[in-house]
Amino acid sequence: MTIQILNSSDYELKQIARKIQLGNPVLFFEQDLTEANYIKLMKRFGECEHPNLFMNPVNHPEIFIVTGKKDKHGKKLGMFGETELGWHSNGNSRHNVDKILIGLYCVEEDENTALSICNTARPFQDLDDKLKDYYRDITIKIKFKNDTIYHLEEGDPELEFMSASKGSIRKLVDRHPHIIQQPSEYFYFPYHFIEKAWYKKKKIDVNKLIKDLKEIIFRSKYIKHHIFHKGDLLLIDQFTSLHRRTPVYNNKRLMWRIACDYRNII
Amino acid sequence: MTSQILNYKEGRLQNLAHQIIRDGYAILHDQELSQQELVEVSNRFGHCESYGYFMNPKDTPEISIVSDQKDENGKAIGMFGDTELQWHANGSARHLFDEICVSLYCVVECVDTVLSICNQCDAFAELSNLDKERYRSIDIQLDHKKDAIYKISEHDLPDSPAPENEMGTGADFYKEDVDRRPLVGKHPIDDREYLYFMVPFIVGAFQNGERINHEALYDELWEKLFRSKYMVHHVFRKGDLLLMDQLHTIHRRSPIYNKERMLWRTAFDYSNIEF
């Protein structure tokens, strides 16, 4: 019998959280989750987002439906459509990102669609001290832009939701709030949304910064890939990793996504 | 600097071979290999397949180009096109073959194409004793079937035959004197048992010598083998070198977006490795 995460003790969940926080995706196979017990599970980690938008089921607003499916009137049932999704993490352009644990549970699979997860802590830790110091002194301005990670039509409620954040100004290199006794610095690099960059107080060429960092971060050795099968549950940290998705072939593909923090487990 | 397989001493290559057989695969990143060097590395493991087909470069016929790229006359320079590839392994349609390790080296990447590897050895190990015993008593019959892995017929036209037609297939070509093989094999190196579920090429099945419904067996095996927990997935980046054992694993590919994607593939045995 495959291990069911629902049966994990608090101690076991804490160990899982520690692993995720280091930028390592954690996968559970053949899980038997309902909306209700999935939410209950994620609440054992922390507080969940529940914005009550079109992709949040009324009875389970903590769940975000991720699918390209539409209802009989042609209305979207979920977010993220069916095209390629560029590298991103939850809440990239928000001023205060605190829901930094994402759960993705597969309800309907597509064996030709892969999710790639890039660890953004290890590339930083592998740099020499001089480059580490350089990147520590960089500040970035981030704001959601349409037609970057994907395309949203005018009038799409998802565009309204994504564009609502004013953006943020933050350090390119930050420390993970929950990692202790291990290197905790990571690159915060949702490059599609980086508008401006400064080295100390001086504005620098943002395109060159992005080009240089892409070569440092998006290397095969830092990236893991997964094709979801029904019952797979993936847990990923939104500070120490970025993720992208290949285009969806089977439009019935359906994931339940929950974003939470770690306040109940740490 | 990532360590280069070209510089591996004998012991390290031996460890790598152990890893491939133990895990079913190994991935090395940031490798810098020419065609000659990939052949050199492959020959250090063992004897390489070499045919001289349309996808084999003349100077390095051990390499098969895997790509949808065409030459200036519109002719395919590589095998496997740009579509999804069904689960398969090297020698899928054969009952006997020696080249049980495949290397795939990425020359041009496509970030939207993923290769999945399923471990047939792990899957067998987790079966019930009852299933294990039953499967051990089954032989399967394999044969080449056109369009089994991908749709060759779509580009096989009367005035422009598919180049894949020149590739030798079947028992006569491979000089096989058997017409079936056990569904459950024992790996010649580590002796572990594996399910040999060569999805598209199973044309018959026999239990204790009596023919059984191979289509029902197919459906049953599919459910038991293709489970997420037995799989790993990889998106090739330039310089990645994937090595896969072809008895312990089976693989498939999603469709290709970047038609320039190119892999170099070799298939070899482990005859030069001391286990």
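Start by selecting strands β2 (residues 64-67) and β3 of chain B: two bridges join them, and the two strands run parallel. Within this pair, show Ser67(B), whose bridge partner in β3(B) is Phe80(B). Keep in mind that this is a predicted model.

Next, widen the selection to the whole sheet. In chain B, six strands form an open sheet with mixed pairing, in the order β1-β14-β5-β16-β2-β3. Colour β1 (25-28) and β3 (79-80) of chain B separately; these stand at the edges with a single partner strand each, so one side of each has no neighbour in the sheet.

Now add the helices. Helix α1 (residues 10-23) of chain B packs on the sheet, where it touches β1, β5 (101-108) and β14 (241-245) of chain B. The direction of α1(B) makes about 130° with that of β1(B). Helix α2 (residues 35-45) of chain B also packs on the sheet, touching β2, β5, β14 and β16 (262-268) of chain B. Its direction makes about 25° with that of β16(B).

Then turn to the interface and display chain A. Chain B and chain A each give 23 residues to the contact. Together they bury about 2000 Å², with 49% of that on carbon and sulfur atoms. Select Asp112(B), Ser228(B) and His233(B), which supply 27% of the area chain B buries against chain A, more than any other three residues.

Four salt bridges are counted between the two chains. To view one of them, select Arg252(B) and Glu111(A), whose side chains meet at 3.5 Å, N to O. Finish with β13 (231-234) and β15 (249-253) of chain B, the elements giving two or more residues to the side that touches chain A. The largest share, three residues, comes from β13(B).

Technical notes: Residues numbered from 1 in each chain as written. Chains lettered and ligands numbered in written order. Predicted model: local features only at pLDDT ≥ 70, side-chain atom pairs only at ≥ 80, totals over all residues. Heavy atoms only, no water. Contact = heavy atoms within 4.5 Å. Buried area = accessible area lost by both parts, 1.4 Å probe. Helix = DSSP H or I, 4+ residues; strand = E, 2+ residues; numbered from the N terminus. Pairing = 2+ DSSP bridges. Axes fitted to C-alpha atoms, helices over the stretch in contact; angles between N-to-C directions.
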